[in-house]
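Hi there,

Here is the structure I promised to pass on to you. Have a look at it first, and then read my notes below.

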Amino acid sequence: MTAVTVNGEPHELPADATVEMAVRELGAPERGVAVALDGEVVPRGDWASTRVHDGQQVEVLRAVQGGS
Amino acid sequence: MLEIAGRSFVSRLILGTGGFRNLEVMAEAARESGAELATVAMRRVDPTARGSIVDVLEENGLEILPNTAGCFTARDAVTTAKLAREALGGEWVKLEVIGDDRTLLPDPAELLEAAEILVADGFTVLPYTSDDPVLARRLEDVGCAAVMPLGSPIGSGMGINNAYNLRLIIEAARVPVILDAGIGTASDAALAMEAGCDAVLLASAISRAADPPAMARAMRKAVEAGVEARRAGRIPRRHYARASSPEEGLAELERAEPSAPAT
């Protein structure tokens, strides 16, 4: 298992987990979202091939109402 | 027409989407405002949230301008801009790097650094800046597509606190000047346009008004009125009155000493 943090919450993913699996785990839509892995942007095309490891932080963001 | 980085816009009102009660009120206000550009923030996905702000804005004919609201360092702002580019597919970003929790004033050093990095990375950068003419020039020098000085702190509704600095920024700028933050009501927006701003960005003044769509309509008219008044050329201020009617031909109505009636 791979223990990662997704949007601030602990998640257990399979040993060969990828960014794509982390996004699915969260139940996030795949359109209109972007992912940072330990603060580095992972382009959409690299989600399936980018492995996530124990202790890493995944942030999945989308546009919301806000700011000026 | 408002021109930013080679793009033309009929409306000189940019809508900030923060503070609306819900997406329906936001959509109605957006239509009333006539805005063609609307800012959005980037936040963690909430799988339970319903409705997509991007869809609602696009259905109403607005283009999305992501911001870096909530960032306090150049590093965070740059990463947030890149995430927005990934999520939304555009190269434009409204850059905000805040330096103080209470006033939400920009951090000039972090802002300039982030602007430089993002411009080099191909972004069209519209920075929210303080009303410092030197900082505005520096932002323009590193390649920002516009400068967005504050009138007063975000959400304060105090209007334009330093009209002199704003005038200096407008005089010197070779890129559009967009007044961002501080506008409280329609007259503030009109004043900004009369002062020579190319556009205004409004969020709280509309979204937190008692009737947001009605205020959006008022703001649209105020922006248009301000632009037209500036073009029309206002009269100079004078210390004393200047009569608007000619003195020539003035009737003599004060009767001279009445003569004794003829008997």
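Two strands count as paired if DSSP finds at least two bridges between them. Helices (H or I, at least four residues) and strands (E, at least two) are DSSP runs, numbered from the N terminus.

This is a predicted model, in which local features need pLDDT of at least 70 and side-chain atom pairs count only at pLDDT 80 or more, while totals for chains, interfaces and linings use all residues. Residues are numbered from 1 along each chain as its sequence is written, and chains are lettered from A and ligands numbered from 1 in the order in which they are written.

Let's start where the chains meet. Strand β5 of chain A (residues 57–64) runs antiparallel to β4(B), joined by 4 bridges. One of the partners is easy to find: Val64(A) is bridged to Ala41(B).

How many residues does the contact take from each chain? Chain B gives 32 and chain A gives 22, where contact means that C-beta atoms, placed from the backbone, lie within 7 Å. On the side of chain B that touches chain A, at least two residues each come from β4 (37–44), α2 (53–59), β5 (63–66) and α3 (74–88).

Now follow β4(B) inward to its neighbour. β3(B) pairs with β4(B) in the parallel sense over 2 bridges, and Leu15(B) has Ala38(B) as its bridge partner there. β3(B) also runs parallel to strand β10 of chain B (residues 199–202), with 3 bridges; in β10(B), Leu15(B) is partnered by Leu202(B).

Enjoy exploring!

Conventions: Two residues are in contact if their C-beta atoms, placed from the backbone, lie within 7 Å.
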